[in-house]
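User: I would like to learn how to read the features of a structure one by one. Could you take me through this one, giving the general idea and then the case at hand?

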Amino acid sequence: MARSRMPTENETSALVESRRRCCICFALNRDSEIKAGQIAHLDRNNSNHSPANLAFLCLQHHDEYDTTTSQRKGFKVQEVKKYKEELLDWLGSALVQKVHFGILSLPDGDPYAGQWVRLGSNESPAELQIIPLPDEADGQPRYFVTGTAYHGVSREHGPNMGSLDFFSEIIDEISLFYSRPSLVIQGPATTELKFTDDGHLTIWEEDIGGQYGSGVTFDGFYRRVT
């Protein structure tokens, strides 16, 4: 039987809701980069174009999803549906934020905003950018936090690298807090940024399963450089 053509509105919906992010990349590696990919039919029925049955996958994961093998366990339908939910939840959280054009200048006297680097860790460096947002949450200032951490910089084949991106308001006047829900493969995890009275930053993680990659952590003591 010839494959039925996917309705244009369903194809558009799958692309727009995913913003061309692969839900498997996001769930397994927290990779939220835009990918070259295709729309997969989750039940592997190419005639079922229901929006709930469609997911945008990168080329590699789409090929793996559609391939059956006796050598290793492939991706399961319910597994990838859960990954899709996780990606859409994350996108929903990010996209509800107001779009801000231009460069946001650091407010005078803001003790939190700026670039922060981890001290005393040449083998595992890390840095954060804490960006103030004009909109507030319940009267509390809000920030976007983004950063990169490495593990094993001098390794022959290069270091492991992890990234951090989240929105938060100031909690108890000294902290920014990120909580990742429990995943199919990994458990829940939290990351807390606490600002000290002497103008430094400490980061503490409670992690079950390695939220930033093998050996990668943002734990430590930071100093603001800009």
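Analyst: Let us begin with a single residue and its place: tyrosine 150 lies in strand 5, which spans residues 140-151, and, with a relative accessible area of 30%, tyrosine 150 is partly exposed. Please keep in mind throughout that this is a predicted model.

User: What does tyrosine 150 form on the surface, and with which residues?

Analyst: Tyr150 joins Val153 and Met161 in a nonpolar patch on the surface, and together these residues have about 270 Å² of accessible area.

User: What pattern does the chain follow when it is read along the sequence?

Analyst: A list of helices and strands is a useful first map. Here the chain has four helices and ten strands, and in sequence order these follow the pattern α-α-β-β-α-α-β-β-β-β-β-β-β-β. As for burial, 37% of the 226 residues in the chain are buried.

User: How many salt bridges does the structure hold, and how should I read them?

Analyst: The general idea is to look for a side-chain nitrogen of Lys or Arg within 4 Å of a carboxyl oxygen of Asp or Glu, and then to ask where the two partners sit. The structure holds three salt bridges. In one of them, lysine 84 pairs with glutamate 17, and the closest N and O atoms are 3.3 Å apart. Since lysine 84 belongs to helix 4 (residues 77-95) and glutamate 17 to helix 1 (residues 8-18), this pair ties together parts that are 67 residues apart in sequence.

User: Are lysine 84 and glutamate 17 buried or partly exposed?

Analyst: The two partners fall on either side of the cut-off, because buried means under 20% relative accessible area. Lysine 84 is buried, at 11%, whereas glutamate 17, at 28% relative accessibility, counts as partly exposed.

User: Which residues make the other salt bridges?

Analyst: Aspartate 31 forms a salt bridge with lysine 35, where the closest N and O atoms are 2.7 Å apart, and lysine 35 is partly exposed with a relative accessible area of 23%. Lysine 82 and glutamate 85 also meet through their side chains in a salt bridge, at 3.9 Å from N to O. Lysine 82 and glutamate 85 are three residues apart in helix 4, so about one helical turn separates them. Both are partly exposed, lysine 82 with a relative accessible area of 34% and glutamate 85 with one of 45%.

User: How many cavities of 30 Å³ or more does the structure hold, and which residues line the largest cavity?

Analyst: With a cavity, one asks first about its volume and then about its lining. The structure holds one cavity of 30 Å³ or more, and about 50 Å³ of space lies in the largest cavity. Its lining consists of Ala14, Glu17, Ser18, Cys23, Leu54, Ala55, Phe56, Lys84, Leu87 and Leu88. Helix 1, strand 2 (54-58) and helix 4 are the elements that give two or more residues to this lining, whose residues divide into seven nonpolar, one polar and two charged. Glu17 and Lys84, which are among the lining residues, are also the partners in a salt bridge.

User: Where is phenylalanine 56 placed, and is phenylalanine 56 buried or exposed?

Analyst: Phenylalanine 56 has its place in strand 2 and is buried, with a relative accessible area of 3%. A useful further step is to compare separation in sequence with separation in space: phenylalanine 56 and cysteine 22 are 34 residues apart along the chain, while their C-alpha atoms are separated by 5.7 Å. Likewise, alanine 36 and leucine 57 are 21 residues apart along the chain, with 8.4 Å between their C-alpha atoms. Alanine 36 lies in the loop between helix 2 (23-29) and strand 1 (37-41) and, at 57% relative accessibility, counts as exposed.

User: What should I notice about the phi angles of arginine 19 and arginine 20?

Analyst: As a general rule, most residues other than glycine have a negative phi. Arginine 19, although not a glycine, has a positive phi of about 50 degrees, and arginine 20 has a positive phi near 60 degrees. Arginine 19 lies in the loop between helix 1 and helix 2, where arginine 20 is found as well. Arginine 19 is partly exposed, with a relative accessible area of 37%, and so is arginine 20, at 42%.

Note on methods: Residues are numbered from 1 along each chain as its sequence is written. This is a predicted model: local features need pLDDT of at least 70, side-chain atom pairs count only at pLDDT 80 or more; totals for chains, interfaces and linings use all residues. Side-chain values use heavy atoms; hydrogens and water are left out. Buried means under 20% relative accessible area, exposed over 50%, partly exposed in between (1.4 Å probe, protein chains only). Patches are made of residues with over 30% relative accessible area and no salt bridge: like charges are joined within 9 Å, nonpolar side chains (Val, Leu, Ile, Met, Phe, Trp, Tyr) within 5 Å. Accessible areas come from the Shrake-Rupley method with a 1.4 Å probe; for residues, only the protein chains shown count as cover. On a 1 Å grid over the protein atoms alone, a cavity is a set of points where a 1.4 Å probe fits but cannot get out, and a pocket is an open set with protein on both sides within 12 Å along at least five of seven lines; lining residues have an atom within 4 Å of a point. Grid points are joined across faces, edges and corners, and a volume is the space filled by probe spheres set on the points. Ala, Val, Leu, Ile, Met, Phe, Trp, Tyr, Cys and Pro count as nonpolar, Asp, Glu, Lys and Arg as charged, and the others, Gly among them, as polar.
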